[in-house]
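Good morning, and thank you for making time for this item. I would ask you to keep the sequence and the coordinates in view while I speak.

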Amino acid sequence: GLTAVIAYKTGVFMPRLMVAAVWGVAAFSAVYGCMLLSALFVRSAAAGGLVGLGVIALGMFASLRTELMEAFSSDLAREVFAVVTYLLPPFVAAAKQAADWVGYESISNGQAILQLVGMVGFGLASVVFGLVRFEKMDF
């Protein structure tokens, strides 16, 4: 929304920038889905914010997964890190892809679509788990 308002006010409209903004919305859906899920388990806005911050931090680690795996000396620790970060959306990699796409650099369309679907799927899976939890709640 903000990108569209700025484009309207300045008179500079870039369709690629609008798509990159939607890319950002897809990334935030993964974070917000986890925040909503945590609100059903712990009724605290601070806990929801902490979960969102944690998902963003772990998503950054997931983006740099191959580089960080080399730092582990233990095979078990490396494998645990690989499994945990495999399940999280790679926010930094998605941001780099969006920035490259806006700057008219070549990107892998298959990888970009896979990242978008993965981020939105992660957010939707969190919401589905939240719905299951909500169904079991007794008010």
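Let me begin with a definition: the expected span of a helix is 1.5 Å times one less than its number of residues. Please bear in mind throughout that what you see is a predicted model.

With that definition, consider helix α3, residues 45-63. Its 19 residues should span 27 Å at 1.5 Å a residue, and the C-alpha atoms at its ends are 27 Å apart, so the expected and computed values agree. Helix α2 can be treated likewise: for its 27 residues, 39 Å is expected, and the distance from the first C-alpha to the last is 40 Å, which is close.

Now the chain as a whole. It contains 7 helices and 0 strands, and its pattern along the sequence reads α-α-α-α-α-α-α. The C-alpha trace spans about 50 × 50 × 25 Å along its principal axes. The chain has 139 residues, of which 27% count as buried. If we take contacts between residues at least 6 apart in sequence, 65% of them join residues at least 24 apart.

I return to α3 for its two sides. Which residues of α3 are buried? They are Gly 48, Gly 52, Val 55, Gly 59, Ala 62 and Ser 63. These residues cover an arc of only 95° around the axis, and therefore lie on the same side of α3. On the other side of this helix, Ala 46, Leu 50 and Leu 53 are exposed. The cover over the buried residues of α3 includes α2, α4, α5, α6 and α7. At the N-terminal end of α3, Ser 44 acts as a cap, with a side-chain oxygen 3.4 Å from the backbone nitrogen of Ala 46.

Next, helix α2, which occupies residues 15-41. Its buried residues include Met 18, Trp 23, Val 31, Gly 33, Cys 34, Leu 37 and Ser 38. The buried residues of α2 pack against α1, α3, α6 and α7.

Two serines illustrate that packing. The first serine I wish to discuss is Ser 38, in helix α2. Its relative accessible area is 11%, and Ser 38 is buried because the cut-off for that class is under 20%. The side chain of Ser 38 reaches the backbone oxygen of Met 35 at 2.8 Å. Leaving aside residues up to four places away in sequence, Ser 38 touches Ala 47, Gly 48 and Val 51. One of these, Gly 48, also appears among the buried residues of α3.

The other serine is Ser 126, in helix α7. With a relative accessibility of 7%, Ser 126 counts as buried. Again setting aside residues up to four places away in sequence, Ser 126 touches Gly 33, Cys 34 and Leu 37. Those residues are listed among the buried residues of α2.

I turn now to the aromatic rings. How many aromatic pairs does the structure hold? There are 2. One pair is formed by Phe 28 and Tyr 32, and its geometry is stacked, with 5.7 Å centre to centre and 25° between the planes. Both residues lie in helix α2, 4 residues apart, which is about one turn of the helix. Phe 28 is partly exposed at 46% relative accessibility, and Tyr 32 is also partly exposed, at 41%.

The other pair is Phe 72 with Phe 81, which is tilted: the centres are 5.0 Å apart and the planes make an angle of 40°. Why tilted, rather than stacked or edge-to-face? The angle of 40° is neither under 30 degrees nor over 60, so the pair falls into the remaining class. Phe 72 counts as partly exposed at 28% relative accessibility, whereas Phe 81 counts as buried at 15%.

A charge also meets a ring in this model: the charged end of Arg 16 sits over the ring of Trp 101, 4.4 Å from the ring centre.

My last item concerns backbone geometry. Tyr 104 has a phi near 60°, a positive value in a residue other than glycine. Where does Tyr 104 lie? Tyr 104 is in the loop between α6 and α7. At 59% relative accessibility, Tyr 104 counts as exposed.

That concludes my remarks, and I welcome your questions.

Note on methods: Residues are numbered from 1 along each chain as its sequence is written. This is a predicted model: local features need pLDDT of at least 70, side-chain atom pairs count only at pLDDT 80 or more; totals for chains, interfaces and linings use all residues. Side-chain values use heavy atoms; hydrogens and water are left out. Rings of Phe, Tyr and Trp (its six-membered ring) pair if their centres lie within 6.5 Å; planes under 30 degrees apart count as stacked, over 60 as edge-to-face and the rest as tilted. Buried means under 20% relative accessible area, exposed over 50%, partly exposed in between (1.4 Å probe, protein chains only). A charge sits over a ring if NZ of Lys or CZ of Arg is within 6 Å of the ring centre and within 35 degrees of the ring normal. The arc is that of the directions from the helix axis to the C-beta atoms. Contact means heavy atoms within 4.5 Å. A polar contact is a pair of N or O atoms within 3.5 Å; within protein, one must be able to donate a hydrogen and the other to accept it, and residues adjacent in sequence count only if both atoms are side-chain atoms.
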